[in-house]
Amino acid sequence: MYAQNVSANPIGRFAPSPSGRMHLGNIFTALISWLSARSAGGRWILRIEDLDPQRSKYEYARQIEDDLDWLGLDWDEGGLDNRGSHGPYLQSLRGDIYAEALDRLNALGITYPCRCTRADILATQAPHEADGRIIYRGTCRPAVSPPYPRYDTTNRTVRIYVPEETIKFTDGVFGPQSVNLSRHCGDFVLRRADGAWAYQLAVVVDDALMGVTEVVRGCDLLLSASQQLYIYRLLGHKAPAYLHLPLICNDQGLRLSKRDQAMSMEELRRKFTAEEIIGKLAGMARITDDGAPCSAKSLISLFDPQKLPRQQSLIV
């Protein structure tokens, strides 16, 4: 069982991607993360995860800040003005930091270059695996056992070898978790062939160096926690506590995306007050009984993570 960082003065974070206007599901995560930190007298960081240069836009990041401010969700550190001592807080500006972490993993002899495309990997999937997960079968993995020699990874995807190991940890919402790295994750990507940094590496490095002790996010990332715990151990960092939340879905049972204009902050701000939105989410999170309009600050004393719903999705 992995020891996770439990702090009397927790540091939480919200790390949205500026690839469009936030939707109600993003706000649900932000609210619970903010309340979890604030209710324990902790700090809250705003980090902009703009790893994808094609989809990320500065104006979306500005809108994220404006929406959070409008909702009353203030941050102590981070944002576009890089307030704090752990910046920069935009991932696009942290490439040198990720490169240093990758070099440390390379030195352990557990990384290798990969030529496989997404289409190549999908072609190897068995029918029972067609659930959205892509598990790499090790096509480019060296025939010898680690430690591997230093490879030339120029213009190649870099993958990390994962052993036949079961990662166990306790999630703050969904309880004990047990994931076999090899069977459920496979060797995963650390850096893409085009030089873009993979989420799994960047999020571990950022959370560790920013002192994050608690990660609150959607349950679609629950499996990712095991991969990240593996990297935490390899880099010698203490892992945060995890709380994975149910996904907010529309009335057809489909998870919200930034294409759902009806649930975007642009539309929500046109139709509702900040207090009405916060109240609705508080009711869905079982913080209040009636979902009546309220401010975020009024919920701090009421927040109890043990009351959070333990289901995969919530219908809005």
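How many residues join β7 to β8 in the hairpin? In this predicted model, the connection runs through 3 residues. The two strands, β7 (residues 166-171) and β8 (residues 175-180), pair in the antiparallel sense over 6 bridges. One of the bridge pairs links D171 with G175 in β8. Strand β7 also shows two faces: I167, F169 and D171 make up the covered one, while T166, K168 and T170 make up the uncovered one. D171 thus appears both on the covered face of β7 and as the bridge partner of G175.

Turning to the open sheet, 3 strands are arranged in the order β5-β6-β9, with antiparallel pairing. β5 and β9 are the edge strands, each pairing on one side only. From one strand to the next, the twist averages 45°. Between β5 and β6 the antiparallel pairing extends over 4 bridges, and T111 has I160 of β6 as its bridge partner.

Two helices lie across strands of this sheet. Helix α3 lies across β5, β6 and β9 and runs at about 130° to β9, whereas α7 lies across β6 and β9 and runs at about 55° to β9.

Helix α3 itself (residues 95-107) repays a closer look. At 1.5 Å a residue, its 13 residues should span 18 Å, and the end C-alpha atoms are indeed 18 Å apart, so expectation and model agree. The helix has Y98, A101, L102 and L105 as its buried residues. Viewed down the helix axis, these buried residues fall within an arc of 100° and therefore line one face of α3. On the other side of the helix, D96, E100 and A107 are exposed. The cover over the buried residues of α3 includes the strands β5 (111-114), β6 (157-160) and β9 (188-191), together with the helices α6 (199-209) and α7 (222-235). Just after α3, G109 adopts a positive phi of about 75°.

A last site of interest is P309, in the loop between α9 (274-284) and β13 (313-315). P309 counts as buried because its relative accessibility is 1%, against a cut-off of under 20%. Apart from neighbours within four places in sequence, the residues in contact with P309 are V173, P246, M284, A285, R286 and L314. The C-alpha atom of P309 is separated by 7.8 Å from that of L245, although the two residues are 64 residues apart along the chain.

Key
Residues numbered from 1 in each chain as written. Predicted model: local features only at pLDDT ≥ 70, side-chain atom pairs only at ≥ 80, totals over all residues. Heavy atoms only, no water. Buried < 20%, exposed > 50% of the residue type's maximum accessible area, 1.4 Å probe, protein only. Contact = heavy atoms within 4.5 Å. Expected span 1.5 Å × (residues − 1). Arc of directions from axis to C-beta. Pairing = 2+ DSSP bridges. Axes fitted to C-alpha atoms, helices over the stretch in contact; angles between N-to-C directions.
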